[in-house]
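Hi everyone, thanks for coming. Please have a look at the model on the screen, and then we'll walk through it together.

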Amino acid sequence: MPNVTHLECSLCGKRHEAGQVWNLCECGGPLLVRYDLDRVRHRWKRRDVSNGPASMWRYAPVLPPANGSVISLGEGWTPLIRANRLGERLGAHNLWVKDEGVNPTGSFKARGLSCAVSMCVELGIRKVAIPSAGNAAGALAAYAAAAGIETHIFMPKDVPEANYLESMAYGAKVTLVDGLISDCGRMVAERAAAEGWFDITTLKEPYRIEGKKTMGYEVAEQLDWELPDAIFYPTGGGVGMIGMWKAFAEMEHLGWIGSRRPKMIAVQADGCAPVVRAWEENEPRSRFWDEATTIASGLRVPKPLGDFLILEAVRKSGGAAVAVSDEAMLDAGARLAQEEGVFAAPEGASCVAGLEKLLASGLLKPEDRVVLYNTGTGLKYPEAYATRFPRTASGQQDKLGGLITPR
Ligand SMILES: Cc1ncc(COP(=O)(O)O)c(C=O)c1O
Ligand SMILES: [Zn+2]
């Protein structure tokens with residue numbers, strides 16, 4: 001681990017040695033990777049970054065694995081798209097979409113799992129297990145396949161079909177669970193030790209966050225090292241939000257950016273909004289959200305493990321947490337597709353709906369530079385979008401009386 005000095009507990013601050021297999025700290029806190037940033041600062045300038053590959057590995061000096069361990073399918077360095085038509089309609093005149101849907105396996109989960117699986121290679125881990133709301137499963141299955149690592153996936157039985165199929169196609173062993181991601185997490189935790197699996201649950205292993213933080217480095221580089229005024233992030237486990245917040249601190253230490261931060265906006269679903277509730281109640285941690293339900297499967301996380309880190313980023317940045325309905329997400333998704341040519345996952349579309357709310361509240365000004373994270377492609381959510389575009393509504397089919405067949 002080239003520039004890593006140690007791992008640090010995000011709750012009690014305890015140091016853990018690098019180069020060993022870790023999950024959580026004894027106190028239950030997630031571990032964060034720390035680097036010798038003074039050393040990095042002298043050897044790696046921000047002008048050097050563009051000499052690196054067109055993937056998230058252009059930031060390799062602040063990522064944990066050694067070059068030889070990296071398992072890459074071309075993740076990251078995704079486009080930052082100027083959203084003029086959508087922005088004009090909403091009254092946001094400097095609006096951008098970071099399109100994570102173009103990643104391998106169609107979501108930003110590729111970043112975290114490329115990094116985590118690379119670290120499994122580095123640490124000699126041969127079997128992994130994950131509870132997943134959907135996209136993380138597909139991404140893990142793909143990277144583990146590329147690394148030749150055995151993968152066990154526990155997912156709610158109603159995850160989008162695409163996530164089940166891709167996991168199977170990549171050769172993972174999939175258990176469909178009659179419950180939520182929290183139930184899946186319990187099953188992994190109960191069985192991991194006996195089965196010899198490394199538990200790769202969100203924030204229970206230290207490296208997914210490192211991959212996801214590259215979304216923060218990228219947005220800075222793509223905006224010529226000037227952070228936007230606000231970032232909208234669809235928040236389930238919140239790893240992307242926590243990771244970007246960490247990236248900004250690292251970049252400041254490297255002397256690449258100043259102390260100004262974007263307002264960090266956590267967007268959740270009305271049917272599962274533990275972070276929004278905690279933010280509104282001014283609590284440092286969230287409470288378990290009973291009967292969580294939303295079409296945005298990635299947002300169906302009733303009690304994020306890193307809730308205190310998400311809330312810290314939101315509060316320290318002067319941001320906000322906002323919940324939107326499933327209907328609003330699908331409407332926003334259709335508008336984003338029709339106005340910008342970006343077909344977003346409902347999670348990503350939730351950011352558009354959240355932006356509408358916050359423009360109305362006055363927290364954002366029309367001229368603010370705003371970046372929305374579309375965390376995945378809409379193509380993985382046919383079930384959700386089919387409710388908007390049922391095939392039987394097609395005038396052409398009605399006229400022809402069903403399927404079009406060759407004469
Ligand atoms: C498309 C999509 N967006 C957002 C999320 C939430 O991610 P995070 O854990 O970083 O909050 C997920 C998680 O499954 C997801 O699949
Ligand atoms: Zn601790």
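Let's start at the ligand: 16 residues surround ligand 1, and those that come nearest are K109, Y233, G236, G238 and T375. Near here asks for a heavy atom within 4 Å. Before going on, a word on the source: this is a predicted model, where local features need pLDDT of at least 70 and side-chain atom pairs count only at pLDDT 80 or more, while totals for chains, interfaces and linings use all residues. Residues are numbered from 1 along each chain as its sequence is written, chains are lettered from A and ligands numbered from 1 in the order written, and side-chain values use heavy atoms, without hydrogens and water.

Now the backbone. An oxygen atom of ligand 1 has a backbone N or O atom of G238 at 2.5 Å, one of G236 lies 2.7 Å from a ligand oxygen, and for G240 the value is 3.1 Å. A polar contact is a pair of N or O atoms within 3.5 Å. The protein buries 97% of the 390 Å² that ligand 1 exposes when taken alone; areas come from the Shrake-Rupley method with a 1.4 Å probe.

Which elements give two or more residues to the shell around ligand 1? They are β10 (230-234) and α8 (239-253).

Stepping back, the chain has 14 helices and 13 strands, which are DSSP runs (helices H or I, at least four residues; strands E, at least two). The C-alpha atoms fill a box of roughly 65 × 50 × 45 Å along the principal axes. Thanks for listening!

Note on methods:
Polar contact = N/O pair within 3.5 Å; in protein donor to acceptor, adjacent residues only side chain to side chain.
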